[in-house]
Amino acid sequence: MPELPEVETIVRDLRKEIVGRIFVDIWTDTESLIKKEDFESFKKKIIGRKIIDIGRRGKNIIIDLGSDDILLIHQKITGHLLLGNWELKDNKWIAPEGPLSTDPMNRFLHVVFYLDDKRQLALSDARKFAKIMFLKKDELEEEFDKLGPEPLEDDFTFEKFRKMFLKKKGKIKQVLMDQSFIVGIGNIYASEILFRSKIHPEEKIENLKDEDFKNIYNAIRDILNESIKLRGDSFSDFRTIYGEKGGFHKIIKVYQRKGMGCVNCGEKIERINLGGRGSFFCPKCQKKR
DNA sequence: AATCGTTCCTGATAGC
DNA sequence: TGCTATCAGGAACGAT
């Protein structure tokens, strides 16, 4: 489940590894992962193009091909972008060396970009929810107009954040995960942010005070930054482009800890379903108002 | 207009 | 043992 810290980790690694490389071929067994146009047309637009830069907006990965052309990738839930050196044998992708050689994700490679240095950039995606598309820069900007601010940017100040809440209703966890409100926070970090802020995930925005907004604001920035330092999550099946796990599990407090003791008070962590999402919290530390 | 519910998809897991 | 049913989950889209 790549969220902001995971996508940021992937983008930083990719930028280091593949800027300047040229796409020489593309393989797929699932053409539906390519959006907006058919695979053949997409392939023609990508092959021969050089990677000029790689960036991120929310959980979207932006591969800049120059001349206002963009390759956009969103990994959604089970998508993984992996960099390796596979061989296709009997319809199976085999990674000969490194952490990827034993990775079960090799079974789910559905789109493989061949680079001009003999390596491949692959999308593994068990549930096939990911999306890949070719866009012109103005189309990209149109897509991104719908998105909320980047929580780690310098211009994302507390005052701005507080004002955003004043015109918002609903349950806090769902608001935090709403990408048009703020980008980058998904199911894992929403639970962790609310635990640190000592706020129940079902708390209504209307019941929150400035002090709560401040706690949430600090928790968002601190937790996302801490996770980037640890190279992302490890509790879900996330891995870096090298097939390694991140280290966020070292500081995780509530996510997937149902029935276990709260690290603050020992109370059993509970799990509730909120808008179809599993939400974890401590009933004692995060009391409803 | 904003919020809520449904849908996409398939591997993992539980239950018989 | 092996089958079937259930669940997870980001975000686009339709419904209210």
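His74 has Lys131 as its bridge partner in S10, and that pairing is a good way into this predicted model. It belongs to a set of six bridges that join S4 to strand S10 (residues 131–136), with the two strands running antiparallel. From there we can work outwards to the rest of the sheet, then to the two domains of chain A and the surface near DNA strand C.

**The sheet**

- S4 and S10 sit in an open sheet of four strands, ordered S2-S3-S4-S10 and paired in the antiparallel sense.
- Strand S2 (53–57) and S10 are the edge strands, each with a single partner, so one side of each has no neighbour in the sheet.
- Going from one strand to the next, the twist averages 25°.

**The S3–S4 hairpin**

- Strand S3 (residues 60–66) pairs with strand S4 (residues 69–74), again antiparallel and again over six bridges.
- Within that pairing, Ile62 has Leu72 in S4 as its bridge partner.
- What links the two strands? S3 and S4 make a hairpin with two residues between them, and Ser67 in the turn takes a positive phi of about 50°.
- As a general point, side chains in a regular strand alternate between the two faces of the sheet.

**Helices against the sheet**

- H1 packs on the sheet by touching S2 and S3, and its direction makes about 170° with that of S2.
- Helix H3 (residues 137–144) lies across S2, S4 and S10, and runs at about 120° to S10.

**Two domains**

- The domain assignment splits chain A into domain 1 (4–144) and domain 2 (158–281).
- Taken over C-alpha atoms, their centres are separated by 28 Å.
- Each domain puts residues into the contact: 19 from domain 1 and 19 from domain 2.
- On the domain 1 side, helix H1 (4–18) and strand S5 (79–84) are the elements that give two or more residues.
- Which element gives the largest share of that side? H1 does, with eight residues.
- By class, the domain 1 side of the contact has nine nonpolar, five polar and five charged residues.
- H1 therefore turns up twice in this briefing: it touches S2 and S3 of the sheet, and it gives eight residues to the side that touches domain 2.

**Around DNA strand C**

- There are 13 residues around DNA strand C, and those that come nearest are Lys59, Arg127, Gly186, Asn187 and Gly278.
- The surface near this DNA strand divides into three nonpolar, six polar and four charged residues.

Terms used
Residues are numbered from 1 along each chain as its sequence is written. Chains are lettered from A and ligands numbered from 1 in the order in which they are written. This is a predicted model: local features need pLDDT of at least 70, side-chain atom pairs count only at pLDDT 80 or more; totals for chains, interfaces and linings use all residues. Domain bounds come from an automatic or database domain assignment. Two residues are in contact if their C-beta atoms, placed from the backbone, lie within 7 Å. Ala, Val, Leu, Ile, Met, Phe, Trp, Tyr, Cys and Pro count as nonpolar, Asp, Glu, Lys and Arg as charged, and the others, Gly among them, as polar. Two strands pair if DSSP finds at least two bridges between them. A residue is near a molecule or strand if its C-beta atom, placed from the backbone, lies within 6 Å of it. Axes are lines fitted to C-alpha atoms, for helices over the stretch in contact, and angles run from 0 to 180 degrees between N-to-C directions.
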